[in-house]
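Student: I have just opened this protein for the first time. Could you walk me through it, one question at a time?

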Amino acid sequence: MKSQMRLAAMTVSLLSASAGALAQAPNRCPSLAFYGNAAASGLCKSLSPATQNLQVCELTAAQPDVHLTFGLLPNGVNPPTTLHLTVRTQANNCEQATNIVRNAAGAFVAQNNALLCGVNPVSYVQRMNAQAIVPGANGQSACRTAFINAQAGGKLTPAVAQSYLNACNTGGLANAACP
C-alpha cells in the first residue's frame, strides 16, 4: 500500500514537472524570423529543413565550420534546444559551443565570449545583431515574410522554404502562429 502511494505521488510529481516544463517552453518565433532574414540576406549560407530535429544555419561554407542551431520541437527524447553557436575544426578535432541569448535591449549576446576552437564568437554575434529584421508584408507575419523573401531571392529551395513557413504557423507558444 505504501509503495503504491509513493508510486502515485511520484507519478503526479513527474506529470506536474512535465506540464510546468511545457508551459515554460521558449517561444521560437524570434529565432525563426531571424533565420528567415539571415537566409534572405546570405548571412546563413544554408538552412537545414525545419522538419529535422534541429534547425541549423550554416554561417561559414568552409573551415572552421561555424553554425547556429536551435530545436523547434521535442523529438520524443530531447526537449526544445535553445539557440547556440557551434564551432568545429578538423585541424585540431575541436568542437565547442556557446548559448546565444537576447539581452533586455533585444540584442544577441553569447553567454560565453571565450574563444571557441580558436574562433571569436563575438564577431559572429555582431553579424547577427547587424542582421535586418524585415516586418511582415502583404498580410503575412514577419516570420513568414522572411522565408518568402528568402525563397524569392533564390536562397532557399521551395521545399526548405515550405518547411519553415509551416514552422512559422506553429512555432509560437501553445503551437500558435508566429507574429
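Student: Are Cys 143 and Cys 168 buried or exposed?

Tutor: This is a predicted model, in which local features need pLDDT of at least 70, side-chain atom pairs count only at pLDDT 80 or more, and totals for chains, interfaces and linings use all residues. Residues are numbered from 1 along each chain as its sequence is written, and side-chain values use heavy atoms, with hydrogens and water left out. Buried means under 20% relative accessible area, exposed over 50%, and partly exposed in between, with a 1.4 Å probe and protein chains only. By that scale, Cys 143 and Cys 168 are both buried.

Student: What is the handedness of the disulfide of Cys 143 and Cys 168?

Tutor: A disulfide is a pair of cysteine sulfur atoms within 2.5 Å, and Cys 143 and Cys 168 have an S to S distance of 2.0 Å. Cys 143 sits in helix H4 (residues 142-152) and Cys 168 in helix H5 (residues 158-170), 25 residues apart. Helices (H or I, at least four residues) and strands (E, at least two) are DSSP runs, numbered from the N terminus. The torsion about the S-S bond of Cys 143 and Cys 168 is about -70°, so this disulfide is left-handed.

Student: How many disulfides are there?

Tutor: Counting bonded cysteines along the protein chain, the disulfide pattern reads 1-8, 2-3, 4-5, 6-7. With the distance rule applied, the number of disulfides is four.

Student: Which parts of the chain does the pair Cys 44 and Cys 57 tie together?

Tutor: Cys 44 and Cys 57 are joined by a disulfide with S to S 1.9 Å, and both are buried. The two cysteines are 13 residues apart in sequence, so the pair ties together the loop between helix H2 (29-41) and strand S1 (46-47), where Cys 44 lies, and the home of Cys 57, strand S2 (residues 55-58).

Student: And where do Cys 94 and Cys 117 lie?

Tutor: These cysteines, Cys 94 and Cys 117, form a disulfide with S to S 2.1 Å. Cys 94 is buried at a relative accessible area of 16%, and Cys 117 is buried at 13%. The pair links distant parts of the chain, 23 residues apart: Cys 94 is in strand S5 (residues 94-102), and Cys 117 is in the loop between strand S6 (108-110) and helix H3 (121-130).

Student: Which strands are at the edges of the sheet?

Tutor: Strands of a sheet pair through backbone hydrogen bonds, either parallel or antiparallel. Here two strands pair if DSSP finds at least two bridges between them. Six strands make an open antiparallel sheet in the order S1-S2-S3-S4-S5-S6. Two strands each pair on one side only, and these edge strands are S1 and S6.

Student: What is the bridge partner of Cys 57 in S3?

Tutor: S2 and S3 pair in the antiparallel sense over four bridges, and a hairpin of six residues joins S2 to S3. Looking across to S3 from Cys 57, the bridge partner is Leu 68.

Student: How many of the residues of S3 are buried?

Tutor: Both faces of S3 are covered, with Asp 65, His 67 and Thr 69 buried on one side and Val 66, Leu 68 and Phe 70 buried on the other. Helix H2 lies across several strands, including S3. The buried count for S3 is six of its six residues.

Student: How many residues does the largest nonpolar core have?

Tutor: A nonpolar core is a set of buried Ala, Val, Leu, Ile, Met, Phe, Trp, Tyr and Cys residues joined through side-chain atoms within 4.5 Å. Among the residues with the most contacts inside the largest core are Tyr 35, Leu 68 and Phe 147. The elements that give two or more residues to this core include H2, S3 and H4. The size of the largest core is 40 residues.

Student: In which helix is confidence lowest?

Tutor: Confidence here is pLDDT, the predictor's score for each residue, from 0 to 100. The protein chain averages a pLDDT of 80, and 79% of the residues score at least 70. Where pLDDT is low, the predicted coordinates should not be read in detail. The highest mean, 95, belongs to H4, while the lowest, 31, belongs to helix H1 (residues 2-23).

How values were computed
Contact = heavy atoms within 4.5 Å. Axes fitted to C-alpha atoms, helices over the stretch in contact; angles between N-to-C directions.
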